[in-house]
Amino acid sequence: MENSTQKFDAKVLSRISTLKMTAMNLVDGLLTGQHRSRHKGSSVEFAEYKDYSPGDEIRHIDWKVAGKTDKYHVKQFEQSTNLKCTVLLDTSGSMGYQSPLNGHSSKMEYASNLVAALSYLLLKQFDAVGLTMFNDQVVEHIPPRSKASHFQHILHGLAHISPQGTTGVADVLAGLAERLPRRSMLILVSDFFTQNQDLQKSLKLLCSRGLEVVLFHVLHPDEIHLPFEGDMVFESLEEDPTLGLDPQDIREEYQKAIQDHINSLKKDCNGLGVDYVFLDTSESLDQALSYYLLKRKSIIKL
Amino acid sequence: MSLNFSTPLFLFGLLGVSLPVLIHLLTRRQQKQIRFSAVYLLSQSKKRSIRKSRPNRLLLLLARCLAIALFSMALANPIFSFRQSEAFLSTSPSSIVFILDDSYSMGTRAKDKTLFDSALVYISETLKNFSDNSEFSMVLASSPARVEQDWTPDKSTFIGRLEEQVVSYRATHIGDAVGKAIKLLESAKQKNKQIFLLTDMDKNGWKEETFFGVTTPYPIQLLNFSQLQSDSNKGMVKSIKISQEFLTRSRLLRVKAEIKNFSSTVNRMPLSLFLEGKLMKEEFLDIPPRQSLIQEFSYPLRRNQPLNGKIQISDDALPADNSRYFPFHPSQNIQVLVVDGDPEAISHQSESFYLERALNPFSVSLSHIDPTISTLAELSLRNLSDFSVVILANVRELPSGYELELEKFVLNGGALLLGMGDQVDPKYFNERLGNLLPVRLESQYQVKEGALHLLLKNSTHPVMQVFSPKALEEMRRINFYSMYTVQAREDKKFKVGTWFSNQHPAVIESEVGKGIVVMFLSSLDRDWNDFPIQPTYLPWVQRWTQYAARGLDNIPQQDLLVGEPFRKNTLDSRWIVRSPDGNLHKLENEVFNDTFQPGVYRLFSLPSTDTAEPNLLAKLPQGAQPVGTFTVNIDTRESEPGKISQKEIENLLEGMKLEFLEPQIQSTQPNTSEGIPLATPFLLMVAGMLLIEGWMVRKE
C-alpha cells in the first residue's frame, strides 16, 4: 500500500485538494457546496414557478398564486444532492507507451495521477467516486463511495494497473450505459487510440441517460509530433501489424492525422455537450487540472 | 536472338556496379525498433504519403547501377541480332559428340561454299565456346556410320581432324550414327553430355528401322543446314541402261538415261554422253516439272572392245548427282567356231555332235557360248574376227592359206582348241601349224579297253577347280582307247593341263602372242574314248572354252553403288584395281571395299613374277594386263529433295530430349552488318538513367 501511495505525487494531491470542483448546475444531495445540480426537483429551497400540467403533484400547487392569478402554478425547488462520479480509465496497451527519447512520464502514470487527483478532490467534497478500468472490456470495477477511506481503494486499484489489450471505448461505454446511475458524472480518461467509430454514438447514449460526461484525452508528445529519426520498426503496443519506415517520410501526414483525430473528438464532444480536456503528458498535471476547473467555474458563472 | 559485343573488354566496367551497391550498404542506417501506440495511424499515414523513402532509395540505387552497367556495355559496342542465340553452349565441362552428316547431299552449294563446309565452320566456331575441360568426339553419318574421332580434350587435335574431312559420295545413315554417338557417350568422362547432329535433314537418312532400339537420356541438338541452301538441286541422272544391237558388220550401243527434274518449272537442260572421257553426243531436254524423262543415245561401235562412259547433265547446286558412269562389254557371249573335220550324214556320228551339245545344251544360250559348226568346205566363208575361239575337231588339213589366217587370229588374242582323231595328219600339223603348236604330234597310241585313263593328280588348274572330288573320280574312270603321243619343241613353252595314266600329256596349253592354243590329245567325240557321254564332259568342254577365251575371269557385278564391295569370282590370279583418282590397290582377297568414289575402276591382272608387297602401288607394274572394269555410282535416293519434318523426327526419336536449332555461325568478332548496333541506344539509356537519378535525388 505504501508503494502505491508513493506513486502519487504528494504535491499534486495537496494542490488539487485546494481546488474545488464546482458543479455546473445545482448540487444534488444533502451536502450543499459549489457543486450545482442541473436536475430540478422538490427541495426546501424554492427555485421557480412552473405552469401546472397534468401529472404534476397537486400538493405542489401554490394555492396562493392560484387565488391571485386564477392560474395554477407549481412550485419548484432546487435540489442539493451528493454527486456520484464514475471514473473510466483506459488501461489498454497503448496507454503504456514509454518514450525512448525523453524522460516524460508514461501516459498510464500520468493518467493515474489524474484519476487519483480527481478522486481525492471529489471525496474531499463528500461526493461518491468509483473507478472502472477497461481495455476492450471492463477489467476492474470499484463502485462509487463517498467515504474518505474509499480513496485508498481507488489508489489500490490504480496501483495494480498493467496496460495491455486493445482499446474498445465505444463497446465498454455502451455496456456501462445501462449500469451507471442516472444523473451521475462520468469521467473518461483515455488516449482514444481506437479505430472504432461508434464512440460518438456511445457518448450520445450516455448523455441521453442524463450523465454528465467529461473526457480527458491523454497523449504523449511523441504521439503528437512523431519526433523519431532514421529507419524505424514500429511494433504495436496493441495488435496492429509491425511497420518499418522512416518517420521523416510520413511525419507531416501523421501530425495531420493525429490533429484530425483530436479535432474530430473535440467536435463530437462539443456537439453532445460533453466536456473535452486534452492533456499532453509534457504539461504538468496541476496546471492542466487547474485550467480545466477554472474553466468550468467560469462557464457556470456565466 | 542474340546480343554480342565487339569489344568485350569494356564489359569489365560492369564491376563498377558494385560501387553504388557498396555505398548504399555503407550508408544504410541502422534500423531501430520501438514499441509505439498509434501504429495504425502510422500505417494510414504511410498509405496516404506520397514520399516513400525506402523504395526511392532502392530505385535510386537501381538507376545508378543501371547507368554504370549500360555505360560499360555501350563502350563494349553491343550488337543485337535476331538470329538464334547459342543458348545451348555451356561453360561447364561437357562431353560432346558431333554427328557430322558427310553424305553427298551435304555437298549442296550454299553461297560460296557447301553445306558441309558450313557445318565444319560451325563446329570449329562452336568449339571455342566450350570450357577447356570439355572433351569432343566425331561420328560421320554417311553410310556406314563411323567414329572418325574418339574422345579428345584437345581442341586443336579435333579441329585438325575436322579440317581433313571432305564431303563423301555416300548416302546418309543417321540411325546408325546416333547409335554410335550414344555408345561413345557411355564412355564419356564429363557429366554434362550432349549430341550435336549437323545434317541437311535429307529424308533418305532417316529410315525408321534404323532407329529401332536407339534411345538416350542425353539431349540431342539438331542443326538443320538445309536452311542455308542458296540454290536448288535442279535435277539428276537417275539411272542408265545399256543395250546393244547387232548389225551385219558392227553393233550399236544404246544408252538409255533417265533424268529427273526436281524443280517446279520445265527444266531445259543439256544432256551429254561421254565415252572413254570424250564427249560423243549432246542433247537438250525439256523435262516437265518434278518428272522424269528417258533419253536414248545410239552410238555405233566399230571396235569389239569394252567401253566406259558417262552421262552428264548441266551443273546445279548439287554436282554429285549430275553425272553417272556406265561400263559396256560388247559381247557377253563367247563366239565359238567349231570346225568339224569328219562330218557324217548321221548327225551323232559327226565329230561336232557332242561338242556342239556340250557348248550349248539348250536352244537359248545359257552358257554364254555361241557355237557355230562349220565344215572345212564352209571355212572360207567364216570371218575369224567374229569369233573368240576356234575348235578344230579331227581336222585333217585346213584350206590352203587358212593356217596363216588362223595364226594371225591367235596372235591377236584368239583361242585355238584342237581335238585329235583318225583324220588328223601329224605331218600337216607339225609343218603348217608349227608356229602355233608347242609340240610335235608323233603317232597314234592305241591301248586296250580300260588300260588308259586321265591322271587327275591335282586339280589346281583354273579349269578343274569347279570339279568336286566325286566328279574327278568319275573322270578318272573314263576309258580312253587311243591318243596321240607328242614331242616337245625346244623353242616353245607349254604347260600340261592334264596327264594320261601312261604319263603322256592329255591336255597341253601354250600362249601364243595374245592368244592361246589348247590341244586335247584324244578325240572330242566317242571314237577314241567314252568321255562325251559322261556328265563331266559338258562342264569340262565349257570350262576349257571359257578359259581359252579368257572368259573365266568375267566380272559378275559391274555397276555398283558407292560403298558396295566389289567381289571377284576367281582365285587364280592377283589383280590390281585402279580407282578413279588414279590410286592403285592390290586385290589379293576376293573383295575390294574401297569403292567410295564414283567413277570407273579398272582391273589389271598382276604378273605372277611380281612380288611387290605393299597394297598401295605407286605405278602399274610391267606386264599387268587389263582384265576388265567396273563402275561405281552414287545412290540417287540421297538426291531426292524430300526433307524430314521436325514432327517426324520427334516420332522417330520419341522420348529423347530434342532441340531443333538453325545453324548460326558465331564469330568472336561479330559482323556489324548482321546485327543492329546498340551503342547509341545504350548511351541514351545512360542519359535517361542519370536524369531519373537526378530527379530522385532532388525529390529526396
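1. B:Pro144 is found in the loop that links β7 (135-140) and β8 (146-152) of chain B. This is a predicted model, and in it the peptide bond leading from B:Ser143 into B:Pro144 is cis, with omega near -5 degrees. A reader new to the structure may want to look at this bond early, because most peptide bonds are trans.

2. Two further loop residues of chain B deserve a look for their backbone angles. B:Glu276, in the loop between β13 and β14 (278-287) of chain B, has a positive phi of about 50 degrees although it is not a glycine. B:Asn394, in the loop between β20 (389-393) and α8 (402-411) of chain B, likewise is not a glycine and has a positive phi, near 55 degrees. Most residues other than glycine have a negative phi.

3. Are these residues buried or exposed? B:Glu276 counts as exposed, because 12 C-beta neighbours lie inside 10 Å and the cut-off for exposed is 12 or fewer. B:Asn394 has 24 C-beta neighbours inside 10 Å and therefore counts as buried, the cut-off for buried being 20 or more.

4. Strand β13 (residues 267-275) of chain B holds B:Met269, which is buried because 20 other C-beta atoms lie within 10 Å. Leaving aside residues up to four places away in sequence, B:Met269 touches B:Gly235, B:Leu285, B:Ile287, B:Ile313 and B:Ser314. The C-alpha atoms of B:Met269 and B:Phe284 are 5.6 Å apart in space, while the two residues are 15 residues apart in sequence.

5. The contact between the chains takes 27 residues from chain A and 22 residues from chain B. On the side of chain B that touches chain A, β2 (32-36) and α2 (39-48) of chain B each supply at least two residues, and the largest share, nine residues, comes from α2(B). The residues on this side of chain B divide into seven nonpolar, eight polar and seven charged.

6. The two chains also share a sheet, which is open, has three strands in the order β10(A)-β9(A)-β2(B), and shows mixed pairing. Its edge strands, each of which pairs on one side only, are β10 (243-245) of chain A and β2 of chain B. From one strand to the next the twist averages 25 degrees.

7. How many bridges join strand β9 of chain A to β2(B)? Five bridges do so, between strands that run parallel, with β9 covering residues 232-236 of chain A; A:Ser236 has B:Phe36 in β2(B) as its bridge partner. The pairing of β9(A) with β10(A) is antiparallel and extends over three bridges, and A:Met232 stands opposite A:Leu245 in β10(A). Strands of a sheet pair through backbone hydrogen bonds, either parallel or antiparallel.

8. Helix α9 of chain A covers 26 residues (residues 247-272), which should span 38 Å at 1.5 Å a residue, and because its end C-alpha atoms are 35 Å apart, the two values agree. The helix α9(A) nevertheless bends by about 35 degrees at A:Glu253, and A:Glu253 is one of the buried residues of α9(A). The others in that buried set are A:Pro247, A:Ile250, A:Tyr254, A:Leu265 and A:Cys269. Just after α9(A) comes A:Gly273, which takes a positive phi of about 75 degrees.

Notes:
Residues numbered from 1 in each chain as written. Chains lettered and ligands numbered in written order. Predicted model: local features only at pLDDT ≥ 70, side-chain atom pairs only at ≥ 80, totals over all residues. Contact = placed C-beta atoms within 7 Å. Helix = DSSP H or I, 4+ residues; strand = E, 2+ residues; numbered from the N terminus. Nonpolar A, V, L, I, M, F, W, Y, C, P; charged D, E, K, R; others polar. Pairing = 2+ DSSP bridges. Expected span 1.5 Å × (residues − 1). Bend = angle between axes of the 7 residues up to and from the residue. Axes fitted to C-alpha atoms, helices over the stretch in contact; angles between N-to-C directions.
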